[in-house]
Every structure is written in C-alpha cells, then in structure tokens.
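Grab a pencil and work through a few exercises with the model shown below. Try each task yourself before you read its solution.

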Amino acid sequence: MFGRRRLTVLIGLLVLCLAGATVSAAAPGRGAEWTSWQKDLAGSRHNAAERKITERTVGDLKLKWAFGFEKIGMFTSHSQPAITGGTMYFGGPDGLFYALDAKTGATKWTFELRTVDPERRLPVVRNSPVVVGDRVYFGDLRGYMYALKASTGALVWANRIDEHAQALLTSSPIHFAGRLYVGVSSNESSADADYPCCTFRGQFAAIDAATGKVLWRHYTVPEPKAVGTWPSGATRFEPSGAAVWASPSVDPATGTVFVGTGQNYTGTAGDSDSVLALDAFTGKVRWKRQMTHPDTWRLICVDPSAPPGHCPGMENGTALDYDIGSLGNIFTVKGRTLIGIGQKSGVYHVLDARTGEFVWQRQLAKPEPNDLGQSGILWGGSYDGQRLYVATNDAKPGALHALDPATGALLWKTPNPANGCSWGGSANYPDECILANRPAVTTTPGVVYEGSADGKMRAYSARDGRVLWEYDTVREYQGVNGITARGSGVSAAGGAVVVDGMVYIHSGYHPDYGNDKGHVLLAFGL
C-alpha cells in the first residue's frame, strides 16, 4: 500500500497532467513556449527545443522590433515575458499588463491594474507571469496576485496575498498541481529613520489557481514584538524581514517546492539567508539550510546621511545583505536529485534535494559586506543537462561561469568584456558604467545568454565561453507602439527569453546612462 505522502504526491501529479501545467514546458516540440520565469518546474532556464538559434547562427541576430514605455518616476522595465501560442505576456512600469504578438510586437490587449483597488499606490509588475491554459498569473508591487484570461485579458480574480501595508511581490510564481507558489517581500527594507521598523514577516505562499485563495503560508520569522525605540524615537520591533523575493522551483517527483530567503531587517531569529524545502501540498518544512547567520541589514545601512544607531549590524559586522534571491536549479547526478542555488555572498551552493546535505560549494566572487550584494550572484543560473551556468554581478568584473554539476569544478570562466564601458552608449558615462552581469542566465543548445550593466546583451558559446554575439542597447528606439524609448543597463530581475528563433530582453535597469525617456523591450531574430 502507498503511504499517505506518496499517495498525495501521485494525486498531485495526476492533477498536474490533467491541467497541462508547466512541468511539460521543456518537452520536445515545445520550443515555441516559455511559459514561466523559470522555464520549467526544475528552474532550468533552458529551452532544449530551440533549433533555429545555434552556436553557428546566433551571430546573425538582428533587432526586429522594440516596444517602448513612458517614463514613470524611478520604475524600471524588467517583467520578463512569458510566451505561448505566439503571444507574449508581461507587465510594464506603467501599471498595465500586456499581451503582444510575439513576432511583430503588435498589442493584442492590455489590462489596467489600477481597476483593482484604485486607491492603493501605483500598481507595477516586476515579476514574470506564468501561463497555464487560458490563464495568466502574476503579481504586482502592491502585493496583489492576479489571474486573467490569456485570450482576452478579462480579470478572473485578484487577491492581496499579505495585508501588511508594505508587502509586495517580486517573486515570479510557478504553477504545480493546480496551485501557484510565490514569495512575498516588502518595501520595509528601504524605510527611513523615522519609521517604526519593522513589522513585516517574510513568507512563502501556496494559492489555489482557480480561486486565488491562499491555501497555506510559511512565515520566515516569528511575530515581531516591540522591544524599545530607535534613536529617532520610533518604536523598534524584532525580529522582522527575511523577505522572499526569489522565485521557486519544484521537484514534482517528491512534491517539494524550493525557495531562497532574504536577510533580517531587525533581530536575528528566523529563516533568513536560507534555502527552504517545503511540502508543496501542506507547507510543512522538509528541511531548511541557513547559509549565513546573522545577517541584519536594510538600505539605511548604506546611507551615509542616516543618523547613527539605526543599523545595529554595523556595530557588530552583521550588516551583510547576503540574501538568497536566486532561483534554485534542480538537476540529477548519477540518480541523485540535487538543488543548486546562488547567494549574494558569491557562493553557488549545491545540496541534496531530499536531505539538504551539502554536496559541493563554489565561491565565484569575493563578497563585499554591506554593499547591496553587488559582488555576488543575484538572480539565477541555468542548467542545460551538461553544465551549470552562473553569472556574478559587480565582481570587478562580473563573469559568466560554467560548472561541472557533479563536482562544481570550473569548466570555463568569461569575465564581462573589459571594453564593455569603452564603446556604445555607456562609453559616454564612464563614471557610471560597470562591468556587472546582473540578469538571470538563459541557455539553449550550444548558447548561453547574459546581459550586462554596461548596456550590452551577449551570447556566449556553451562549450568554451567565447562571446558569439553582442548588441549595445544604450540608444534610442521608436517603439512599434508609437512610444520613443531608450535602453540602459540590461534588466535584472529576469533574463533573456529565447523562443522560436527570437530573443527577447528588457533594457531598463541601473545604471540609467542619462535616460530621460522610458525603457524598452527588445526583440531580436535571425
């Protein structure tokens, strides 16, 4: 007889198959789809079915169209698209969610997020949607999750996942067995000295995809309690933070969902800087592995104008900002399922997916404490069945690495090209330009895609790391939607999407390179 857990997993897999969920996204013949930020449940960020763009042809990529956004304050453009059935879905910095023709950029429909809770702050989508059948699911910076009809843009449901005033969604949801899984993060990390810091509890939630109802939550810190006052006189609460702004991955064979967590805002208790392995059906912790402790940090720690005493971690050296914002890559070595994940400390960790035991670790960049994690691994790597590909940010310079998945041995390393700041649009801003590989890595057979803060989008050889193609995005574009836009740093928070002979990226991240216009979504093809 089956045990209860085994039976639950089998039922979940049956539901998944009936729903046509994203576990099959990497199956042969589906090269025209990229339906979630992760590409598939395993978080591979690899389109194995792409056959048009190869190591031989990638150098022929040309800009096919651009889609511009109006400039909206400090909001940047980086909602990585999901693509299926020839339609592209993504959110803009303008409070709109878009469906475009993936080949031409023509708008099919838009949805105005402000129609939901119009009194709350400007709704902006930073994460990537997941598309399942005729539903597209995504979150916004107000903490709302949405379900729209993919065919028409009609609202099916909207639900604010956490009622904390500062809650927001940066984690990109994943769909498994009729449920959505997403992390909840917060604006409290940027609170000023007069704010009663902090009361937000990081959490990871499972949501019924049909109704938007939260089925279970895992809180990453205990309930914050008042423990005195800050030097400003504002009430001080501890513990808080450990936000979940990373995107999850799922092992369907065991019904386990994996996700990384952020640092504490106050106090030291909780699951900060950790990898969590949770039962996908109940939320029960199967194991957790804390990588750095303590790590108590928020933006006030790097503000030279802030009054003293508001960053306790500065006094004892624990203001690190070594959170885990990267996607976990699930892969198998000699029949053993492993989970690999990067940290802003610059370390790529590989653990046994069943037990959480360390298998190997590789230091890819020297950590810089209290530096916004600029030296480390920010968003996520890619696994193509042969190698792991991991990028480091401003590691003087940032670099792209290929690692042996079994041992962590470095197979090749390609630094961000040293001339990246001496040509193209960023060359006019030498004091701003940095050689930093910020986006998540993407792969197709033989090719690795990674963008840079120097404004260049590049394709590399998966075999040896040679640069095969590069394009300077720091220029002005006339969008197919009639908006004049301008590129800047190639967007983090996502990466390239490669579908059916096309490459799609956002250019609209820091540095801004004097941009007085809105940012841009770019589409390249052969």
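**Exercise 1: a glutamine in a loop**

Glutamine 343 sits in the loop that links β24 (336-342) to β25 (347-352). Keep in mind as you go that this is a predicted model.

Task: Work out whether glutamine 343 counts as buried or exposed, and list what glutamine 343 touches.

Solution:
- Start with the cut-off: buried means under 20% relative accessible area.
- Glutamine 343 has 1% relative accessibility, so it counts as buried.
- Now look around it, skipping residues up to four places away in sequence: glutamine 343 touches Asp273, Met291, Thr292, Tyr322, Asp323, Ile324, His349, Gly376 and Ile377.

**Exercise 2: a lysine on a strand**

Task: Find the strand that holds lysine 288, then say which side chain makes a polar contact with the side chain of lysine 288.

Solution:
- Lysine 288 belongs to strand β22, which covers residues 285-290.
- Its relative accessibility is 47%, so lysine 288 counts as partly exposed.
- Leave out neighbours within four places in sequence, and lysine 288 is in contact with Asp271, Val275 and Leu276.
- The polar contact is with the side chain of aspartate 271, at 2.8 Å.
- One more pair to check: threonine 355 is 67 residues from lysine 288 in sequence, yet their C-alpha atoms are 8.9 Å apart in space.

**Exercise 3: backbone oddities**

Task: Which peptide bonds leading into proline 239 and proline 294 are cis or trans, and what is the sign of phi at lysine 39 and aspartate 321?

Solution:
- First, the background: most residues other than glycine have a negative phi, and most peptide bonds are trans.
- The bond from glutamate 238 to proline 239 is cis, with omega near -15°; proline 239 is in the loop between β16 (235-238) and β17 (240-241).
- The bond from histidine 293 to proline 294 is cis too, with omega near -5°, and proline 294 lies in the loop between β22 and α2 (312-316).
- Lysine 39 has a positive phi of about 80°, and this residue is buried, with a relative accessible area of 0%.
- Aspartate 321 also has a positive phi, about 60°, in the loop between α2 and β23 (329-333); at 2% relative accessibility it counts as buried.

**Exercise 4: the whole chain**

Task: What does the radius of gyration say about the protein's overall form?

Solution:
- A compact globule of 526 residues would have a radius of gyration near 24 Å.
- The protein has 21 Å, which agrees.
- Buried residues make up 62% of the 526.
- The protein has two helices and 40 strands.

Definitions and conventions: Residues numbered from 1 in each chain as written. Predicted model: local features only at pLDDT ≥ 70, side-chain atom pairs only at ≥ 80, totals over all residues. Heavy atoms only, no water. Helix = DSSP H or I, 4+ residues; strand = E, 2+ residues; numbered from the N terminus. Rg over C-alpha atoms; globule rule 2.2 N^0.38 Å. Buried < 20%, exposed > 50% of the residue type's maximum accessible area, 1.4 Å probe, protein only. Contact = heavy atoms within 4.5 Å. Polar contact = N/O pair within 3.5 Å; in protein donor to acceptor, adjacent residues only side chain to side chain.
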